[in-house]
Amino acid sequence: WYSVNGERLGTYNGHTGAVWCVDADWDTRHVLTGSADNSCRLWDCETGKQLALVKTSSAVRTCGFDFGGNIIMFSTDKQMGYQCFVSFFDLRDPSQIENNEPYMKIPCSDSKITSAVWGPLGEFIIAGHESGELNQFSAKSGEQLSNIKEHTKQINDIQTSRDMTMFITASKDNTAKLFDCTTLEHLKTFRTERPVNSAALSPIFDHVVLGGGQEAMDVTTTSTRIGKFEARFFHLAFEEEFGRVKGHFGPINSVAFHPDGKSYSSGGEDGYVRIHYFDPQYFEFEFEA
């Protein structure tokens, strides 16, 4: 879709199950998708042609390109007797994809990975687990560089800041937390009274947007007002909530800021993606402050 006017440009046809994750490389030439149909696929962004298909033993939960767009990583679910793995493929070596032999595969036997992103310069990945743990895995050796547990429940989403120095996590324990990308030092906590499904950092202001709500299966029994389906804005430094945006009539599953910081979008269980543009006063107020 065009984000400006909502015009649909095309479709990537191929997956036969729920698509859990999607990522584009830095110059938007390629798109990577992971699905519950036990596959990870690479597409030509412009034409929609499928360039590569990697079959897996279980559902692909997270995927992503590294900083240069040459290496992809994806994690698979712990299900049907298979354990959770993180696989790394170098796209510069076509034989890895053809033979379905990643150059590195890291087993995660304790708790499955529910969200993962690349760290700065593609040296490691940051993985969030079902148990609430956060891990750093080296993209070269596969060793676990560090491990912390600041969340008490599953981590639903991880997003980095624009300069890749920080990242924010969203968790079922009703909080979002800010961490240092390199040291995993816990910096800030943003509290709500509902599970947080997604959190994003503004590229131009010290602002955070959170999206969430009660579990989807419980939604039909309550009104939208009680369900707390607003997108909530917090100040990054002061951890204070300063605004809410209503609209969705189901839990918000994902939120993201536009790269220019002038709008944000949210995707909900209600089947809508909503794009909100900030008022001009929003920018004046910030720059004066």
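Which residues are linked in a network of salt bridges? They are Glu193, Arg232, Glu241 and Arg244, where a salt bridge means a side-chain nitrogen of Lys or Arg within 4 Å of a carboxyl oxygen of Asp or Glu. Keep in mind that this is a predicted model, where local features need pLDDT of at least 70, side-chain atom pairs count only at pLDDT 80 or more, and totals for chains, interfaces and linings use all residues. Residues are numbered from 1 along each chain as its sequence is written, and side-chain values use heavy atoms, with hydrogens and water left out.

**Salt bridges**

- Searching the whole structure turns up eight salt bridges.
- Within the network, glutamate 241 pairs with arginine 244, their closest N and O atoms being 2.5 Å apart.
- Glutamate 241 is partly exposed at a relative accessible area of 30%, and arginine 244 is partly exposed too, at 40%; buried means under 20%, exposed over 50%, and partly exposed in between (1.4 Å probe, protein chains only).
- Arginine 61 and aspartate 77 also meet through their side chains, in a salt bridge of 2.6 Å, N to O.
- Arginine 61 sits in strand 5 (residues 60–65) and aspartate 77 in the loop between strand 6 (71–76) and strand 7 (84–90), so this pair ties together parts that are 16 residues apart in sequence; strands here are DSSP runs (E, at least two residues), numbered from the N terminus.
- Aspartate 77 is buried, with a relative accessible area of just 2%.
- Another salt bridge joins the side chains of aspartate 37 and arginine 41 (3.5 Å, N to O), and aspartate 37 and arginine 41 are both buried.

**Repeats on record**

- An unreviewed UniProt entry lists "repeat: WD" at residues 12–53, 148–189 and 245–275; its positions follow the numbering used here, feature names are shortened, and annotations may be inferred rather than shown by experiment.
- Residues 12–53 come out as 0% helix and 52% strand, with the end C-alpha atoms 13 Å apart; helices are DSSP runs too (H or I, at least four residues).
- For residues 148–189 the figures are 0% helix and 57% strand, and the end C-alpha atoms are 15 Å apart.

**Sheet and hairpin**

- Four strands make an open sheet in the order 13-14-15-16, with antiparallel pairing; two strands pair if DSSP finds at least two bridges between them.
- Strand 13 (155–160) and strand 16 (186–191) are at the edges with a single partner strand each, so one side of each has no neighbour in the sheet.
- Going from one strand to the next, the twist averages 20°, with axes fitted as lines to C-alpha atoms and angles running from 0 to 180 degrees between N-to-C directions.
- Strand 14 (residues 166–171) and strand 15 (residues 175–180) run antiparallel and are joined by five bridges, and methionine 166 has aspartate 180 in strand 15 as its bridge partner.
- Five bridges likewise join the antiparallel strand 21 (residues 252–257) and strand 22 (residues 263–268), with alanine 256 opposite serine 265 in strand 22.
- The hairpin of strand 21 and strand 22 has five residues between the strands, and glycine 261 takes a positive phi near 75° there.

**Surface patch**

- Val4, Val273, Ile275 and Tyr277 form a nonpolar surface patch with about 440 Å² of accessible area together; areas come from the Shrake-Rupley method with a 1.4 Å probe, and for residues only the protein chains shown count as cover.
- Patch residues have over 30% relative accessible area and no salt bridge, with nonpolar side chains (Val, Leu, Ile, Met, Phe, Trp, Tyr) joined within 5 Å and like charges within 9 Å.
- Isoleucine 275 belongs to strand 23 (residues 273–277) and is partly exposed, at a relative accessible area of 38%.
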